[in-house]
Amino acid sequence: MPKRRLSEHQRRRILAIQERRRQRLESRTQAVLDALDTEQPEVAADVSGGARGAGAQGSSADVPQQASQQGRVVVRHGAHLGVEDEVGELHHCVARRHLGHPVCGDLVVWAPTEPGRGVVTALCPRDNVLSRPDYGGRDKPLAANLSLLAVVVAPQPPPSGFLLDQYLVAAELMGVRALVVAAKLDLLDPHDRRAFLDALAPYPALGYPVCPVSTKGEPGIGALLTHLPGETAILLGQSGVGKSSLVQQLLPDQDIQVGRLSAATGLGRHTTSTATCYRLSPDAAAGGRLIDSPGVRSFRLAGLSQAQLEDGFPELRTLRGQCRFRDCRHLDEPDCAVHTAVAAGGIHPQRLARFQQLREGLVR
Ligand SMILES: Nc1nc2c(ncn2[C@@H]2O[C@H](COP(=O)(O)OP(=O)(O)OP(=O)(O)O)[C@@H](O)[C@H]2O)c(=O)[nH]1
Ligand SMILES: [Mg+2]
Ligand SMILES: [Zn+2]
């Protein structure tokens with residue numbers, strides 16, 4: 001049909017124009033990066049806190065050095081970064097080569113190249129980083145500088161306790177607090193809801209609060225909200241457990257934030273395929289940040305020793321050195337302090353089973 005052909009033609013023209021624009025921008029940016037890469041690498045501490053350098057010489061690539069400032073990566077698509085500056089404005093930046101992989105939550109030093117655009121010239125030291133394997137099995141950083149891991153489980157899709165425990169181990173190894181979000185509880189009648197929450201009963205005693213929530217009915221999201229003030233929290237879990245729905249409810253202005261992000265950087269539209277950092281409302285969660293992450297089917301802790309894995313289980317960590325054998329695997333060895341604790345009710349058998357599953361699969 002002619003009408004359809006015409007619109008297809010238009011579509012192609014628009015795409016071609018966009019592609020040319022993108023290439024122009026890319027080559028301009030590349031010129032800036034090339035010039036920067038021939039200079040001395042910048043030290044992040046030199047400009048931390050947005051201090052202005054004295055010499056406004058400007059580089060050959062016309063990057064005003066005096067404008068270097070600190071920012072936070074709020075989203076990343078390949079080499080393209082959405083960077084929030086100190087007053088909350090967003091900029092589309094590309095990262096100088098040899099910087100490693102800045103990810104969502106990273107603090108960076110960046111310099112504007114043109115309005116709304118800039119170049120990231122240094123990656124500030126991280127407090128911590130959460131990595132997980134990509135499809136090829138290689139560890140990829142997902143988000144940095146976190147203070148809270150919120151692991152979401154729901155009746156649908158069927159929960160994976162194995163995935164939950166791996167995230168909790170990751171939190172322990174990162175030295176970051178964690179909690180369990182029991183989501184989509186409106187799907188369960190009171191009896192099944194009780195059973196669902198009973199299965200999570202061992203966690204609070206281990207230091208992981210359980211927050212029962214629903215975005216579509218009772219009990220609401222209050223139990224989670226109380227944990228967020230002042231935190232940089234990331235929502236983690238299988239695809240479909242309701243992470244983005246929680247973000248939507250926790251951030252009444254999420255649409256606005258996504259709109260600002262995509263208007264400023266063109267990067268906000270595919271929020272389900274990459275981690276994205278949002279600001280929580282100052283009155284609800286003073287200064288807090290919330291990161292939505294793409295769901296995973298599996299998460300694999302790689303290359304840990306048994307001692308490291310034990311560090312990831314607080315209830316095993318405290319028994320370190322108390323078994324008869326120093327290299328006790330807590331299987332069928334005599335005088336195993338872990339088995340004694342399980343028998344006495346101090347360790348949940350399910351957690352020991354998860355530990356064993358992880359030990360067999362993951363420890364070198
Ligand atoms: N009944 C019910 N459905 C929910 C609730 N929260 C989310 N859902 C539904 O669950 C489905 C998945 O929700 P999302 O928020 O997209 O899940 P997600 O964890 O962000 O998924 P990925 O982005 O794929 O990782 C959607 O159809 C939502 O409408 C809830 O509290 N109750
Ligand atoms: Mg999502
Ligand atoms: Zn033992």
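Which residues touch the most other members of the largest nonpolar core? They are L149, A150, V151 and V181, out of 76 residues in that core.

## The chain overall

Bear in mind that this is a predicted model. The protein chain has 11 helices and 13 strands. It runs to 364 residues, and 35% of them are buried. Take the contacts with a separation of 6 or more: 63% of them link residues 24 or more positions apart.

## Inside the core

Back to L149, one of the residues that touch the most other core members. Set aside its neighbours within four places in sequence, and L149 is in contact with Y167, A171, V176, A178, I234 and L236.

## A hairpin and its two faces

Strand 6 covers residues 129-133, and strand 7 covers residues 139-144. The two pair in the antiparallel sense, with five bridges between them. V129 in strand 6 sits opposite A144 in strand 7. Together the strands make a hairpin with five residues in between, and G137 in the turn has a positive phi of about 90 degrees.

How do the residues of strand 6 split between a covered face and an uncovered one? L130 and R132 are on the covered face, while V129, S131 and P133 are on the uncovered one. In a regular strand, side chains alternate between the two faces of the sheet.

## Around ligand 1

Ligand 1 is surrounded by 17 residues, and the closest are S239, G242, S244, S245 and G295. By type, the shell divides into nine polar, four nonpolar and four charged residues.

## Helix 6 and Q248

Helix 6 spans residues 243-250, and Q248 is in it. Is Q248 buried or partly exposed? Q248 counts as partly exposed because it has 15 C-beta neighbours inside 10 Å, and a buried residue would need 20 or more. Along the chain, Q248 and D292 are 44 residues apart, yet their C-alpha atoms are separated by 9.9 Å.

## Helix 7, checked by length

Helix 7 takes in residues 254-265, which makes 12 residues. At 1.5 Å a residue, the helix should span 16 Å, and its end C-alpha atoms are 16 Å apart, so the two values agree. Right after helix 7 comes G266, which has a positive phi, near 70 degrees.

Definitions and conventions
Residues are numbered from 1 along each chain as its sequence is written. Chains are lettered from A and ligands numbered from 1 in the order in which they are written. This is a predicted model: local features need pLDDT of at least 70, side-chain atom pairs count only at pLDDT 80 or more; totals for chains, interfaces and linings use all residues. A residue is near a molecule or strand if its C-beta atom, placed from the backbone, lies within 6 Å of it. Ala, Val, Leu, Ile, Met, Phe, Trp, Tyr, Cys and Pro count as nonpolar, Asp, Glu, Lys and Arg as charged, and the others, Gly among them, as polar. A residue is buried if 20 or more other C-beta atoms lie within 10 Å of its own, exposed if 12 or fewer, and partly exposed in between; C-beta atoms are placed from the backbone. Helices (H or I, at least four residues) and strands (E, at least two) are DSSP runs, numbered from the N terminus. Two strands pair if DSSP finds at least two bridges between them. A nonpolar core is a set of buried Ala, Val, Leu, Ile, Met, Phe, Trp, Tyr and Cys residues joined through C-beta atoms within 7 Å. Two residues are in contact if their C-beta atoms, placed from the backbone, lie within 7 Å. The expected span of a helix is 1.5 Å times one less than its number of residues.
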